[in-house]
Structure formats: structure tokens, C-alpha cells
Amino acid sequence: MMEASPRSSHSAKQFVQRCIHESCGSEFGIAERIYLCKKCGGPLEIETPLPSASEASELKTRWRERVGSLDPRDRSGVWRFRELLPFDDAASVITLGEGSTPLYDAPRCAQYSGLNALSLKHQGCNPTGSFKDTGMTTCVTQALYLGARTVVCASTGNTAASLGAYAARAGLQCAILLPRGQITASKLAQSMDYGSMVCEIDGDFDDCMRLIQEITDDQTIYLANSINPFRIEGQKTVAYELMDQCGWQPPDHVVVPGGNMGNSSALGKGFEELHQMGLLRRLPKLSVVQAEGSAPLARLFAELKLESGSEGSAIPEELVPVKSPQTFATAIKIGSPVSWKKALRSVIRSRGQIISVSEQEIADAKAMIGRDGIGCEPASATTVAGIRKLVAAGVIAPTESVVAVLTGHLLKDPDYTSQYHRGTLALGGRPGTANEASHPIRGSFANAPVQVAAATKAILSVLDRSKRKER
Ligand code: F0G
């Protein structure tokens, strides 16, 4: 825990929570413990007082200088950008050294997608192995500031793992609601290890999300799902960090997976802020990729029939949820995403796309990300699968610059990976999914272990055979 630094001069203006509904736009103080607009029930976002262009340019230099500092706040890829975060001097910062994740060049994925080049921003390299940590550091810091005693969330696994870790650091009680039998063993193990109270619910993620919102009427309990705008504030810094890594030259496209839609909302907010501050000359097109069996927003987006490049479309009032969503990518097995309106708004403003990809496409793209020596969990691979589809459709040109955001580490779901490479993905241990036995996944790039006798000659002969196969 450490004291946050005083705000710089530009932030004499106030950060506020504002309802995103244009017809309402109500404003609330940042010390109010609310998750939705008190007037109309709409989603809230933090309105950031932005510096002038000259102050922004100074900030850019300051943020860079902090990379070499030994101050734990400067070493955090989130708090390094604290001038644009809604915290004052009284806040005690809870950090695990999140952010500062690598941006990799991925030549095999580029070729697979039909691009000249492709970069992968690996958010799975965060302390608990997923992008959630960048939002949890700000959310748990706010929970402490508000005097909460318990933090809670509904989760498909990663949010829970991340919240558990940050709550443990802050000395807060943590309770998590998970859909029973639908969380990977690695994620569940993390939550148990961090000391969270794990409540396994007989239902799916959307049931957990509904229930958790009901219990947070109690003032001592703080909700840490991405409906909470303080989560989004931390996650938006990924856009800042990425642009710093790109030398402030915006890529043509940034592509992210879509589940509950917090990540896409946060990146959209981050890019828009930089654009408004004059640090980006244009917005990257932000595209979101969902898994085919859990794709309510991709369906709505297709129905909107936007003219290519149109940014003027009104946001619809309702999203039709997908009942009993299905996908092997359990992280994004979500039928009723809470932040869909914010995400849709960002995608439309940036002239991006929302599409879906099949289980086979996700599995093959994931194997390809592995072949670049990087790896990720299944949900993250929707990005490369989606990019391949968008290139094939002519939406992304082969020469354009593209960044895919990988959201979770390879070791978050080792069973999936192992089953893919052994050719047993649909037949083995994935109960409860509709396409379980009926649509087995082909191991197009399978790499199963070989059984070799315990003898030098046998091992050398296997190596030789594999070399010949590669040629
Ligand atoms: N990728 C991974 C690895 C995730 O864990 C999630 C969401 C997403 C993508 C989608 O991000 O929800 O912001 O659109 N996981 C949540 C959880 C739902 O509970 O861990 P989103």
C-alpha cells in the first residue's frame, strides 16, 4: 500500500461519474458508491478532466521517464499514468506491479491471417495471468477509499482470480460467484489460493452476474465487475501503454475478444482520451470478436447494417441476450454482457467491427499463437481468428498495421490446449457444452507427444523423422 502522488495542475478540474445515456447525462461525485445512474439506471463512466495539448505532451515525457524509476507506482503500468486516474492524495494504492506487458511481433500469425505484419499485446503477462489486473488495482484502491470491507464479483474465472489477489493485498474479504463446473481448474485454484470465499452457483455466468448485483445493495460490499467504472479506469491505461510502445503512431486496427465487454469499453475510452488530448492524430479502428455460440453483440451489430466506415449510428435501447451461451472459450461464455452499450459506442465511433468466429477457428488460431512462441488462453485467440476473417473479407488490408490484444495466459486453460493437440477436444473433458460430441474440433496444427523407447538411438531417430517432416 502506498500514498498516491498529488494530482498535477491540470486536474484542478473534477473527475465525475457520468451517465452515458445522452438523454440523461446525470453527474455524480467520485466518492459515491454507485454502479448505475441513480436517475435512469444507465451505465456510468468516469469523466476525466483532460490536460491541454502542451500539458499532454509534457505528460508523455513524464510517463516515459517513470519507466526507469524505482517507485512502485511508476513501476506499475497503470499508476504510471496516474494524472489521468480519478484518485487523490488520500488514496492508498494497491498494486502488484500490473501492466507493462510485452508487445510481440508475431510473424507466423501474420502469415496465417494474411497480413504483412501483426503485433500481439500480451495482457496475459500480468501478475495473475490476465488483463483483469490492470482494472483491479484501481477498483480495489477505490474499495479501500470508500471504506468497503468486502469485495465481490461474478466471474468466468479471471476476474475472480484477479480480485482475490488484490483483495488479499488490501486485507479485504473477497467473495466470488462462479458458474459451477464452467471454470478452468487453473483459475479456480488461483481463487482458492488467494483466500477468496468461492461460491459455486448452479447456473451460468449471467445468473451469477444478476445475483451479485442484488447483494451489493449492502453498503459494506463493493462490486468489482466491469460495470464498476473504476475498473474501466485502470483498464483504459492499456491503450496509453500500447500507444507509448507504438511511439504514439496509432495502428490501423486494434482487435480484442468480447465477453462482458469491459475490455473493449476501456480501450475505446483510453484511445478517445488520447485523441482528445491531441496525443493521437486518429483513432485506431477498434474491433471486437466473440465466440459464435456466445455472440449477442456481434448479432446486434450485424443487424445494425452500418454503412462501412459510418460512425453516426444511434445505440439501440435493448440487446437480445443469448440464452445458454456455448463455447469452449469459457472466459467469454456470456450471453448478456453488461457493458455492451459502452463497447458498441466505442466500436462505432472508431469505425471498427464486431464479429464472431467458430470454435474451430478459435482453436486453430490459438495453436498458431503458440507456434509464434507466445501462447494464450482460448478466449484470447478469437482475436487472431477474427483478424484472419476480416482480412479475408477485405475489411483489413494486408498492408495495414494491426494489434491483437491477448487477454489471458496459456496456462489458464492447459486442458483445452492439451486436448487440442491430442485430438480429443470435443470428445473428452468438456461437459456441458452443446457442441461437445457433435462437432469435434480438428487438431489442424496438432502436436501430440510421441512415445519413445528409453534409448538414445530411438530418440535420435524420432528427431530425425520430425526434421524430415518439417522440411
Ligand atoms: N478474455 C479473457 C481471458 C477473459 O477472462 C475475459 C473476461 C474476456 C476476454 C472478455 O473480456 O468481459 O471485458 O469483454 N472474463 C470475465 C471474467 C468475464 O469473469 O473473468 P470482457
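Here are some questions and answers about this predicted model.

Me: Where does the ligand sit, in terms of the cavities of the model?
Reply: Start with how well the ligand is covered: polar contacts include the one at Gly-262, where a polar backbone atom is 3.0 Å from an oxygen atom of the ligand. Taken alone, the ligand exposes 480 Å², and the protein buries 99% of that. The space the ligand takes up is the largest cavity.

Me: Which residues come nearest to the ligand?
Reply: There are 20 residues around the ligand. Helix 5 (158-170) supplies at least two residues of that shell, and so does helix 9 (262-276). The ones that come nearest are Ser-155, Thr-156, Asn-260, Met-261 and Thr-407.

Me: Which residue has a side-chain N or O atom 2.8 Å from an oxygen atom of the ligand?
Reply: Watch out for Gly-259 here, since 2.8 Å also turns up there, but with a backbone N or O atom. Gly-262 likewise uses a polar backbone atom, at 3.0 Å from a ligand oxygen. The side-chain contact at 2.8 Å belongs to Asn-158.

Me: Is Gln-123 buried or exposed?
Reply: Gln-123 is found in the loop between strand 7 (119-122) and helix 4 (132-146). Beyond its close sequence neighbours, Gln-123 is in contact with Thr-101, Gly-129, Ser-130, Phe-131, Thr-134, Val-238, Val-405, Leu-406 and Thr-407. Thr-407 also shows up among the residues that come nearest to the ligand. Because its relative accessibility is 2%, Gln-123 counts as buried.

Me: What is the distance between the C-alpha atoms of Ser-113 and Ala-385?
Reply: Ser-113 lies in helix 3 (residues 107-113), and its contacts away from its sequence neighbours are Leu-118, Val-384, Ile-387, Arg-388 and Val-391. Ala-385 is 272 residues away from Ser-113 along the chain. Even so, their C-alpha atoms are separated by 7.6 Å.

Me: Which residue has its backbone oxygen 2.7 Å from a polar side-chain atom of Ser-113?
Reply: Ser-113 has 4% relative accessibility, so it counts as buried. A polar atom of its side chain has a partner at 2.7 Å, and that partner is a backbone oxygen. The residue it belongs to is Cys-109.

Me: Why does Trp-248 count as buried?
Reply: Trp-248 is found in the loop between helix 8 (229-245) and strand 12 (253-257). Its phi is positive, about 65 degrees, although it is not a glycine. The cut-off for buried is under 20% relative accessible area, so Trp-248 makes it with 12%.

Me: Is Ser-324 buried or exposed?
Reply: Look for Ser-324 in the loop between helix 10 and helix 11. Its phi is positive too, near 45 degrees, in a residue other than glycine. Exposed takes over 50% relative accessible area, and Ser-324 has 51%, so it counts as exposed.

Me: What covers the buried residues of helix 10?
Reply: Helix 10 covers residues 296-304, and its buried residues are Pro-296, Leu-297, Ala-298, Leu-300 and Phe-301. The helix is followed by Lys-305, with a positive phi near 45 degrees. The cover over the buried residues includes strand 13 (285-291), helix 11 (340-350) and strand 14 (354-357).

Key. Residues are numbered from 1 along each chain as its sequence is written. This is a predicted model: local features need pLDDT of at least 70, side-chain atom pairs count only at pLDDT 80 or more; totals for chains, interfaces and linings use all residues. Side-chain values use heavy atoms; hydrogens and water are left out. Buried means under 20% relative accessible area, exposed over 50%, partly exposed in between (1.4 Å probe, protein chains only). Helices (H or I, at least four residues) and strands (E, at least two) are DSSP runs, numbered from the N terminus. Contact means heavy atoms within 4.5 Å. A residue is near a molecule or strand if one of its heavy atoms lies within 4 Å of it. A polar contact is a pair of N or O atoms within 3.5 Å; within protein, one must be able to donate a hydrogen and the other to accept it, and residues adjacent in sequence count only if both atoms are side-chain atoms. Accessible areas come from the Shrake-Rupley method with a 1.4 Å probe; for residues, only the protein chains shown count as cover. On a 1 Å grid over the protein atoms alone, a cavity is a set of points where a 1.4 Å probe fits but cannot get out, and a pocket is an open set with protein on both sides within 12 Å along at least five of seven lines; lining residues have an atom within 4 Å of a point. A molecule sits in a cavity or pocket if more than half of its atoms lie within 2 Å of its grid points. Lists of a residue's contacts leave out its neighbours within four places in sequence.
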